[in-house]
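Subject: A structure for you to look at

Hello,

I am passing a structure on to you, as promised. Please open it alongside this message, and then read on for what turned up in it.

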Amino acid sequence: CIIAAINTNKSKDVCGYPLSIFFIVVNEFCERFSYYGMRAVLVLYFKYFLQWDEDLATSIYHTFVALCYLTPILGAIVADSWLGKFKTIVYLSIVYTIGQVAMAVSAVHDITDSNRDGTPDNMTFHVALSMVGLFLIALGTGGIKPCVAAFGGDQFSEHQDKQRRTFFSVFYLCINGGSLLSTIITPILRGQECGIYSQQKCYSLAFGVPAALMVVALVVFIVGSGMYYKAEPEGNIMLDVCKCIGFAINNRYRHRSNQYPRRQHWMDWAEEKYDKLLIAQIKMVLKVLFLYIPLPMFWTLFDQKGSRWTLQATTMNGYFGKLVIQPDQMQIFNPILILTLVPIMDSVIYPLIKKCGFNFTPLKRMTVGMFLAAMAFVCAALVQVEIDKTLPVFPSASQSQLKLLNMGSSAVTVNLPGNESLTLNAAQYYSFLAIFSFLMIRTKFSLLSGSQSCEYIKDFGFGGSYTFFIPSTFVFGPDCQDSITVVEDIEPNSVHMALQIPQYFFITAGEVMFSVTGLEFSYSQAPSNMKAVLQAGWLFTVAIGNFIVLIVAEIAKLPNKWAEYVLFASLLVLVCIIFSTMAYFYTYIDPSEIEDQFSKKVDEDEDDKDKREKAEIKMVRRDSAESYDDSYKQSNM
């Protein structure tokens, strides 16, 4: 989608800004809240509600993210070539909303819980509905992604350049604001317990609130319909680029024989049909797209903060003083650090490096950003090593576990084959059984017998497993809780979640240096009418990066998670070296100068054509005059 600079704006101005953009800003905030809120708890929904293993949960998560970054290409083509931006946003937002509602419904366990034990009896229904919902969400969020910002830019008149720049700053602030708030709120909602017949973790509420926000986003956007400037579809430049490239390849193949003279560039084979300026612009774009080839590996690591890193946090201690952080809330450090690091980089780090005399070009910044992302995964590997030291040892396929409880009033001696004799005192246990959970909650138990009651309060640690033993001699009274024996089957997680902060810092610093700089570099090296093509190419690298997660994870099959983190870090370092080599040989260009040269050449060609036409006219006139003289002489004779 290309931002129009001139429009016939029907919206009234408020403080120098079109009133219509306020509806667009609110729409964007609600939509981003909806998307990031749903995505924050998605991998835990896969693991704990659908009961998938971590590998399958990670694979489906990254497949969904990849689709979210493939569909923007489709959305841009539909908006620019067929429906226009407004209708595209409305129609795909409806699809988006239906997908969010489907996700919320799929998380209601009571729908198929016929025996009311808190576990769905027909898991196929929930899996199918959630997959349909995720597909519709990917289609909706990706389809409107390239249209909303451009549609907002369309609302400004030619003399409102300053206001337009401010709008884009506020627009992207809303993206980060929606991401930050949703990442804090939806994990809290997920941690609540809800249900009709049985109380379980409330994934339906965690998905339902983002669905409600998407409904609000759609309604707000439609309410402002009468104020919007709606540009008519003018065709999509990506289609023209693809047709031109396709013609060049086909024409080159038809003239592959040695009898045809070689041309300087393979795109020159399109000169028979397409304008030379368009061909030159495509050459500039292809030069940048060639640099995109190594970039997907960065996104392979970056997007795992929502999958592998969240799952890693489930095995850690989330106590921050009196504050309890849920595993999926650790992602809030990303938007917080983005809002902090972007101004620091722009106003402090980059100017300081420049003053030191170092030419820190955009491609060098991107290389450093890739290296920082690799360091983030090295940190994740070190954290995982510490976690592995504290995890319980579960039995293998050839082993079993046993728990012994002495509920009598006297000691008991137990003899097990291959083991020493074990004496269990009264109201004592010996455990070989491990039960794992990741939540930490302060729980209040109430033991009731007629009108008598006994309250018992216990703090559960992250990852801990406990057995409560109530003896037959239990008596209600003010000190009744003293007679309850608590057994810690598995120690709570002792590795603190704060150890994840360094890896979030490195990955976010890498994102700022890689992503922000990469987009800036791409736009500076592309012709003005080809920026949509580069945006599509950039989003495509994100999609490919998420597919790489699936490929590497399936091929590697590493038994230890820390080894998988080291593998991804090593691959990115290798790609970083390749990219730095490509960047070394890259020559920066000024697309506007090249376009001006073609424009001047076209003007000169037109001047030459005019001169030739004038000369031909004079020639015709002279020939006509000479012909007239000859005929006149002949008549006289």
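Below is what was found, going from the whole chain to single residues.

Please keep in mind as you read that this is a predicted model.

**The chain as a whole**

The chain has 637 residues, and 46% of them count as buried. Its secondary structure consists of 17 helices and 14 strands. If you take the contacts with a separation of 6 or more, 76% of them join residues that are 24 or more positions apart. The accessible surface comes to about 32,000 Å², and carbon and sulfur atoms hold 61% of that area.

**Helix α1 and its partner α6**

A good place to begin is helix α1, which covers residues 20–40. With 21 residues at 1.5 Å each, α1 should span 30 Å, and its end C-alpha atoms are 31 Å apart, so the two values agree. The helix is mostly covered, with 17 of its 21 residues buried.

Which helix does α1 cross? The answer is α6, residues 161–191: the two axes come within 7 Å and cross at roughly 35°. The crossing is right-handed. Sorted by type, the residues of this contact are 14 nonpolar, seven polar and two charged.

Leucine 181 gives you a view of α6 at the level of one residue, since it lies in that helix. Leaving out residues up to four places away in sequence, leucine 181 touches Phe29 and Phe33. Its C-alpha atom is 9.2 Å from that of tyrosine 36, although their positions lie 145 residues apart along the chain. Is leucine 181 buried, exposed or partly exposed? Its relative accessible area is 39%, so it counts as partly exposed.

**Proline 210 in α7**

Next, turn to helix α7, residues 203–223, where you will find proline 210. This proline has a relative accessibility of 0% and therefore counts as buried. Setting aside neighbours within four places in sequence, proline 210 is in contact with Ser34, Gly37, Met38, Gln100, Thr186 and Leu205. From proline 210 to methionine 103 the C-alpha distance is 9.9 Å, with the two residues 107 apart in sequence.

**Alanine 66 in α3**

Alanine 66 belongs to helix α3. Where in the sequence are the residues that alanine 66 touches, once those up to four places away are not counted? They are Ala543, Asn546 and Phe547. In the case of alanine 543, the C-alpha atoms are 4.0 Å apart, while the separation in sequence is 477 residues. Alanine 66 is buried, because its relative accessible area is 0% and the limit for buried is under 20%.

**Glutamine 51, in a loop**

Just before α3 there is a loop that joins α2 (42–49) to α3 (54–83), and glutamine 51 sits in it. The phi angle of glutamine 51 is near 60°, which is a positive value in a residue other than glycine. Glutamine 51 is exposed, as its relative accessible area is 52% and the limit for exposed is over 50%.

**Proline 362 and serine 515**

The last two stops are in α13 and α14. Proline 362 is in helix α13, residues 362–390. Not counting residues up to four places away in sequence, proline 362 touches Thr517, Phe521 and Tyr588. The C-alpha atoms of proline 362 and alanine 583 are 9.6 Å apart, and the two are 221 residues apart along the chain. With a relative accessible area of 22%, proline 362 is partly exposed.

Serine 515 is placed in helix α14, residues 501–524. Which residues is serine 515 in contact with, leaving aside neighbours within four places in sequence? These are Trp299, Gly510 and Trp538. Serine 515 counts as buried, because its relative accessibility is 12%.

I hope this helps you find your way around. Do write back with any questions.

Best wishes

Note on methods
Residues numbered from 1 in each chain as written. Predicted model: local features only at pLDDT ≥ 70, side-chain atom pairs only at ≥ 80, totals over all residues. Heavy atoms only, no water. Axes fitted to C-alpha atoms, helices over the stretch in contact; angles between N-to-C directions. Helix = DSSP H or I, 4+ residues; strand = E, 2+ residues; numbered from the N terminus. Left-handed = near helix turned anticlockwise from the far one by under 90°. Nonpolar A, V, L, I, M, F, W, Y, C, P; charged D, E, K, R; others polar. Buried < 20%, exposed > 50% of the residue type's maximum accessible area, 1.4 Å probe, protein only. Contact = heavy atoms within 4.5 Å. Expected span 1.5 Å × (residues − 1). Areas by Shrake-Rupley, 256 points an atom, 1.4 Å probe, with all protein chains shown as cover.
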